[in-house]
Amino acid sequence: MTMRSYLIRITLYGVKNHQVMRHMEVNPIVSVVAEEPGHIRKCFTFFSELNPKWRQFQFNFNEADVYHAYQIVKANGIPEENIIVMHYDDIANNRQNKYPGKVYNGPTGHNGTDVYHGVPKHYTGKEVTPENFLKVLAGDEGLKKAGKKVLESGPNDHVFIFFDDHGAPDLVAFPDKYLYAEPLMKTLKQMHQDKKYAKLVFYIEACESGSMFDKLLPTDINIYATTASLPNEPSYTCYFDKDLGTDVGDVYSVYWMENTELATKDTTLQEQFAYTKKKTTTSHVMQYGDLSIAKLPISQFLGSKKSSMSLAGAELTRTVNNKDYPLVMAQQSGDYPELSVLSTGRQFLDTVFEEYVNSIQHLMNAN
């Protein structure tokens, strides 16, 4: 029997404007792995990022996670023709980048390895939408006819999804819209019904990322998921580079990738979860769905060729709550007008969420 494994990774990022979190651009990189006994054939990977209208170069770490993940998959033997990339692509050549054309994701920052080189650009800018993301997962014929790559997996295939960016309860953000947990779950269930995979693994790096699966992901559709945090807590950034003036990584992401770079062909998903959970002390790494899948080797989803570019090995010296990152950077840079705007927006958003939660609780008590 032919066995393929498909890899899909995603990354998302959001910032708050004057009052609410909105107008974000995302950059999914899609890569899909298909494996026959003894060698890898395909891999899809998704990543995403945010709108340059509302962002500064300081918010580059999520895209750096994405590019690093792409380099790992590429080094693990996934052929270029089987990789799909969706990303806004506004970091490497951003005018605020002191090292044009380069992006970093390791503990040594700009003194480390560039992870941007060779990253494909299959979906960029306005093509990065929740609709296109779900269509790629579903293998949409319309996108295929338009010359776009989509997930073309089948009943013998393994799929891996890595989604990396900011979120909120029950959602992750795209440029002008949100992707909510319910339509994502509907698409995943439809993929199972359509026999689009044998096993599917889904990693999410985002604040409140657990809310995308908690009490929503069935245990009987062959999907295993891990998240950077509980449904009600933030995730954190790391690897601050003083010269660049930004963090260049996210804690959960750098540790699962570190483990992948150090793994043997037999290292299991459960061992990776245990490693990442132990290392990530800033939030609670969680797992959901069919936990029996975690007994399988990572190599069945990410390939087995050892990466030639390990960025592993450093302890974290500083971490920042992803939700607070724009405020921290504005304060650090002395941009007090921007800090005032962001603080006002944070207060507004916190008030809105509190009123929303109170109203829901009131309705539940009334029933």
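The following exchange concerns aromatic ring contacts in a predicted model.

User: How many aromatic pairs does a search of the whole structure find?

Analyst: The search finds 11 aromatic pairs. One of them joins Phe162 and Trp256.

User: What makes Phe162 and Trp256 an edge-to-face pair?

Analyst: Their ring centres lie 4.9 Å apart with 80 degrees between the planes; centres within 6.5 Å count as a pair and planes over 60 degrees apart count as edge-to-face, so the name applies to Phe162 and Trp256.

User: Why is this pair said to tie together parts of the chain?

Analyst: Phe162 belongs to strand S6 (residues 157-164) whereas Trp256 belongs to helix H5 (residues 251-262), so the contact ties together parts that are 94 residues apart in sequence.

User: Why are Phe162 and Trp256 called buried?

Analyst: Buried means under 20% relative accessible area; Phe162 has 0% and Trp256 has 1%, so both residues meet that cut-off.

User: How do you know that Phe202 and Phe213 form an edge-to-face pair?

Analyst: The centres of Phe202 and Phe213 are 5.3 Å apart and their planes are at 70 degrees, which is to be set against limits of within 6.5 Å and over 60 degrees; the pair therefore counts as edge-to-face. Phe202 lies in strand S10 (residues 199-205) and Phe213 in the loop between S10 and strand S11 (223-227), and both residues are buried.

User: What makes the charged end of Lys148 sit over the ring of Tyr123?

Analyst: The charged end of Lys148 is 5.1 Å from the centre of the Tyr123 ring, and the distance limit is within 6 Å, with a further limit of within 35 degrees of the ring normal; the charge is listed as sitting over the ring.

Methods. Residues are numbered from 1 along each chain as its sequence is written. This is a predicted model: local features need pLDDT of at least 70, side-chain atom pairs count only at pLDDT 80 or more; totals for chains, interfaces and linings use all residues. Side-chain values use heavy atoms; hydrogens and water are left out. Rings of Phe, Tyr and Trp (its six-membered ring) pair if their centres lie within 6.5 Å; planes under 30 degrees apart count as stacked, over 60 as edge-to-face and the rest as tilted. Helices (H or I, at least four residues) and strands (E, at least two) are DSSP runs, numbered from the N terminus. Buried means under 20% relative accessible area, exposed over 50%, partly exposed in between (1.4 Å probe, protein chains only).
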